[in-house]
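Visitor: I am new to this structure and would be grateful for a close look at one single part of it. Please choose one residue, describe its setting with care, and then place it in a wider view.

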Amino acid sequence: MPIEEMSLGDELRTHPDVSLANVRRFTSAAKLSFGRFVDHEQARKEGLPGAIVPGIMSQGILVAAIHAFAPGCEIDNIDTVFRAPVLVDSHPTARVVVTDLDPAARTLALDLTITDEANETRVAGTATVRL
Amino acid sequence: MAHIHPPGFPIERGKIHEFANSILDDNPLYHDEAAARAAGLPSVVAPPTFSAASSFFPDPSGRGATSFAGLDMRFVLHGGQELLFERPIFAGDVLRAEPGETKSYEKDGKRGGKMKFIETDVLYRDQRGGVVLRVRNTLIQTAGVVQS
C-alpha cells in the first residue's frame, strides 16, 4: 500500500510458525545451541514452562511482519522488549500498527507486539521504517 | 565481564538466504540478487536481526563471536534488544564488532531471586570503517532456576 493511502492505526496481524521444527531451523541457522530453545524437557529443568522462542527469533518474526505490511521497506531502527517468553509450539500473533507517518520523509513509526493465545503481550516494541 | 569479537566477519549471501528462510521472511531483497540490483542495491540485504544473530556464529577457534564471560548462561534470559541502523548491511560487507559501554545493575525478582541486568552496547563497522549498526542488548541473569 502506498504511504499516501496509509492512516494512523492501520495494522497487520500475522500468525508466525513457532513450532519446534521451525525453531530448530532458526537455531541451526543462528548457531544458537541452548537446549531451552529446542528441548521442552531441558527448558522445564531450567524452570521454564517449556521450550522458549529465542528473543532474536521473536525480533525476526516482527521484522517479517513489518515486511509483510510494508514490502521493500528499509528498517532504520527496531527496539524490542522481551517481557515474557514466547513458548515453542504455541500459537502467537504478531501485530504491526502504524502510530505515526510522514509522507514527505516517507517514514512510518510502528508499534509491534507478539501476544499469546490469551492475548497477553509477550514481546513489545517499536520500529521506524523508510518506504 | 569480557566480550570477545573476531577481527571481522564476512556477510555471505547463502547465509542471508538461510537465515531469512528461518524467520519465514520472503522479502525478495534477502533472497534474490537480481531483485536487489534492480532496486539499486549492491547485493542482497541482510535481515536486520542477522548481524545480531551473527554474534553467536563460531569463529575459527570454535568460540562464539561474542561471549559473555562471567555469566552463568544457564540462567540468562534475553530482556531486550535495540538495533539502530546507519545503513542496510549487504552481502559482501565485512563487519567488525566493537564492544562499547557495559552497564549492570540488580533488582529483586519474585520467582528467580535477585536478578542481574546487563546492558551491552556493540558498534558494527564495515570494511571501510564506517558505522553501520549500533546494538544494545539487555541480558538478565537470575539467581537460579525460575520458580513457576
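**A close look at one residue of chain B**

Guide: B:Glu33 has its place in helix H3 of chain B, a helix that covers residues 33-38. The model is a predicted one, and the description that follows should be read in that light. B:Glu33 has a relative accessible area of 17%. Because buried means under 20% relative accessible area, B:Glu33 counts as buried.

What surrounds B:Glu33, once its neighbours within four places in sequence are left aside? The residues in contact with it are then B:Arg13, B:Pro42, B:Ser43 and B:Val44. For one of these, B:Val44, a particular approach can be described: its backbone nitrogen lies 3.5 Å from a polar atom of the side chain of B:Glu33. A further distance concerns B:Val45, which stands 12 residues from B:Glu33 along the chain. The C-alpha atoms of B:Glu33 and B:Val45 are separated by 9.0 Å.

B:Arg13, named among the contacts of B:Glu33, leads to another helix. Helix H1 of chain B spans residues 13-22, and its buried residues are B:Lys15, B:Ile16, B:Phe19, B:Ala20 and B:Ser22. Seen down the axis of H1(B), these buried residues fall within an arc of 155 degrees, so they line one face of the helix. Just after H1(B) comes B:Leu24, which takes a positive phi of about 55 degrees.

The wider setting is chain B as a whole. Its secondary structure comes to 4 helices and 5 strands. Read along the sequence, these elements follow the pattern β-α-α-α-α-β-β-β-β. Chain B has 148 residues, of which 48% count as buried; B:Glu33 is itself a buried residue. Among contacts in chain B between residues at least 6 apart in sequence, 64% join residues at least 24 apart. The chain exposes about 7,200 Å², and carbon and sulfur atoms supply 52% of that area.

Charged side chains offer a further point of view. Over all chains, the structure holds 19 salt bridges. One of them joins the side chains of A:Asp116 and A:Arg122, at 3.2 Å from N to O. In this pair, A:Asp116 counts as buried, at 15% relative accessibility. In chain B, salt bridges that share partners join B:Arg87, B:Asp93, B:Asp126 and B:Arg128 into one network.

Chain A provides two more pairs. A:Glu46 forms a salt bridge with A:Arg36, and the closest N and O atoms are 3.1 Å apart. This pair links distant parts of the chain, 10 residues apart: A:Glu46 lies in the loop between helix H3 (40-45) and helix H4 (55-69) of chain A, while A:Arg36 belongs to helix H2 (residues 35-38) of chain A. Both A:Glu46 and A:Arg36 are buried. The side chains of A:Glu11 and A:Arg13 also meet in a salt bridge, at 2.6 Å from N to O. Here A:Glu11 is partly exposed, with a relative accessible area of 33%, and A:Arg13 is partly exposed as well, with a value of 48%.

To return to the part chosen at the outset: B:Glu33 is a buried residue in helix H3 of chain B, and its side chain has a polar atom 3.5 Å from the backbone nitrogen of B:Val44.

Conventions
Residues are numbered from 1 along each chain as its sequence is written. Chains are lettered from A and ligands numbered from 1 in the order in which they are written. This is a predicted model: local features need pLDDT of at least 70, side-chain atom pairs count only at pLDDT 80 or more; totals for chains, interfaces and linings use all residues. Side-chain values use heavy atoms; hydrogens and water are left out. Helices (H or I, at least four residues) and strands (E, at least two) are DSSP runs, numbered from the N terminus. Buried means under 20% relative accessible area, exposed over 50%, partly exposed in between (1.4 Å probe, protein chains only). Contact means heavy atoms within 4.5 Å. Accessible areas come from the Shrake-Rupley method with a 1.4 Å probe; for residues, only the protein chains shown count as cover. A salt bridge is a side-chain nitrogen of Lys or Arg within 4 Å of a carboxyl oxygen of Asp or Glu. The arc is that of the directions from the helix axis to the C-beta atoms. A polar contact is a pair of N or O atoms within 3.5 Å; within protein, one must be able to donate a hydrogen and the other to accept it, and residues adjacent in sequence count only if both atoms are side-chain atoms.
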